[in-house]
Amino acid sequence: MARVELVKVSRRYGKNVVLQPLDLTIPDGSFTVLVGPSGCGKSTLLRLLAGLDSVTDGAILMDNQQINDRDPADRDIAMVFQSYALYPHLTVAENLAFHMQAKKIKREEQQSKITRIAGILGIDKLLGRYPRALSGGQRQRVAMGRAMVRNPKVFLFDEPLSNLDAQLRMELRAEIKSLHQRFKTTMVYVTHDQVEAMTLADQIVVMREGVIVQQGSPLEIYDRPVDTFVARFIGSPPMNLLEGTLTEQNGIRSVVIGGYCLPLPEAWHDAAARQGNKSVSVGIRPHHFALADAPALQTTVKIVEITGESSLLHLDWQGLPLHVQFAGRITAQPGDPLALAIDVTHLHLFDKESGKRLS
């Protein structure tokens, strides 16, 4: 296990800045997930940690020792790639043993590690096969096993589940989480899938355009997104953002959305008072609505998606799209009117211009 720190680390390719100078601490034994849209710099950051790319400025520290100039083989870091990166001419057992053979580890110890890791990953019956005879999920398990036999201080995962179907992704996601709980090795995991980020991470780092936008525990980021980008990116289905105006009616701080006045919970009173009667973006998660009688938001059903355990409704409200999720099954059909109430205790308020959360 190891504590990893990035101090003012940046990466440029000519005039193209891929990573702005950033600071990041990855605690010893933690599971840190880097998440963000394509091109945000998360995979570049992982390659810098692995030593597959060089830092333009700044320092990478492992247990307070700078490792910028160390070769990848000398960093005690193992990486699991999206493309599996298995040697096609070697069997599963030979793939697992490759690094140990290069390090001239005794054959008995090699066999012991291969047997143990193959048993943990459920690939012990595949040791004699070649990668071409394996499914995608089996190949990914072999790639994970090849990293595990090295017993590194840090594991790096570069979108390892993106090539798998939904069922396999769920199974391997649980397996990776179980491995972390068992071995307590520091793990850094890159994904664009916020569901993976929420379910796997101790610490989520949300990135955008080479900058860390927010970092913290999954629930901290979900409950208190710092801006509208994080609010929309973390959460599935994404948060609804509606234009509103702060006001005060009968001494109660409120927000008016399309003529519908909502009293603000006490937690927002001070922030709203400092803003005056200002236009804001009001964030409401899809599951914070309820069916209601008038007066309420009067909407029209456009699309109904029923998964069995929940129903996702795509609605039209005053010409604006609205996404609402209910537990169970809803009998509404496209074209039906639907009256909704909003759970005001879970409102989010953001500055309309900057998108930043009001505080």
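# Reading the calls in a predicted model

Guide: In this predicted model, F157 and Y189 are both buried.

Visitor: How do you know that Y189 counts as buried?

Guide: The relative accessible area of Y189 is 0%, and the term applies to values under 20%, so Y189 counts as buried. F31 also has a relative accessible area of 0%, and by the cut-off of 20% F31 is therefore buried.

Visitor: How many aromatic pairs does the rule give, and what makes F31 and Y189 one that is called tilted?

Guide: The count comes to 5 aromatic pairs. For F31 and Y189, the ring centres are 5.9 Å apart and the planes are at 45° to each other; since the centres must lie within 6.5 Å, and since a tilted pair is one whose angle is neither under 30 degrees nor over 60, the two rings pair and the pair is tilted. This pair links distant parts of the chain, with F31 in strand β3 (residues 31–35) and Y189 in strand β8 (residues 186–191), 158 residues apart.

Visitor: Why is the pair of F157 and Y189 called tilted?

Guide: Here the distance is 5.7 Å centre to centre and the angle between the planes is 35°, which again falls within the 6.5 Å limit and between the cut-offs of 30 and 60 degrees, so the pair is tilted. Because F157 belongs to strand β7 and Y189 to strand β8, the pair ties together parts that are 32 residues apart in sequence. Ring pairs link F31, F155, F157 and Y189 into a cluster.

Visitor: What lines the largest cavity, and what are the classes of the residues in that lining?

Guide: The structure holds 1 cavity of 30 Å³ or more, with a volume of about 60 Å³. The lining consists of V80, M144, A147, M148, F155, F157, L179, F183 and M187, so that F155 and F157 belong both to this lining and to the ring cluster. Every residue type in that list, namely Val, Met, Ala, Phe and Leu, counts as nonpolar, and the division is accordingly 9 nonpolar, no polar and no charged. Helix α4 (136–148), strand β7 (154–158) and helix α5 (166–183) each supply at least two of the lining residues, and α4 gives the most, with 3.

Visitor: What is the make-up of the lining of the largest pocket, and what is that of the second largest?

Guide: The largest pocket holds about 420 Å³ of space, and of its 19 lining residues I77, A78, M79, F81 and R150 are the closest to the centre. By class this lining has 16 nonpolar, 1 polar and 2 charged residues, and its largest share, 4 residues, comes from β6. The second largest pocket has a volume of about 230 Å³; its lining of 17 residues, with D223, R224, W268, L347 and R357 nearest the centre, has 6 nonpolar, 5 polar and 6 charged.

Visitor: How do you know that the charged end of R285 sits over the ring of Y222?

Guide: The charged end of R285 is 3.9 Å from the centre of the ring of Y222, and the distance part of the criterion asks for CZ of Arg within 6 Å, so that part is met. R132 is likewise placed over the ring of Y130, at 4.8 Å from its centre.

Visitor: Why is helix α1 said to be largely enclosed by the rest of the structure?

Guide: Helix α1 (residues 42–50) has 9 residues, of which 7 are buried, and it is therefore largely enclosed. The buried residues are K42, T44, L45, L46, L48, L49 and A50. The helix is followed by G51, which has a positive phi, near 85°.

Visitor: What makes β17 and β18 paired strands?

Guide: Pairing requires at least two bridges, and 8 bridges join β17 (residues 310–317) to β18 (residues 320–327), so the two antiparallel strands pair. One of the bridges sets L312 against Q325 in β18. The strands form a hairpin with 2 residues between them, and Q318 in the turn has a positive phi of about 55°.

Visitor: Why does L320 count as partly exposed?

Guide: L320, which is found in strand β18, has a relative accessibility of 40%, and this value lies between the cut-offs of 20% and 50%, so L320 is partly exposed.

Methods: Residues numbered from 1 in each chain as written. Predicted model: local features only at pLDDT ≥ 70, side-chain atom pairs only at ≥ 80, totals over all residues. Heavy atoms only, no water. 1 Å grid on protein atoms, 1.4 Å probe; cavity = no way out; pocket = protein on both sides within 12 Å on 5 of 7 lines; lining within 4 Å. Points joined across faces, edges and corners; volume = space filled by probe spheres on them. Phe/Tyr/Trp six-rings, centres within 6.5 Å; stacked < 30°, edge-to-face > 60°. Buried < 20%, exposed > 50% of the residue type's maximum accessible area, 1.4 Å probe, protein only. Lys NZ or Arg CZ within 6 Å of the ring centre and 35° of its normal.
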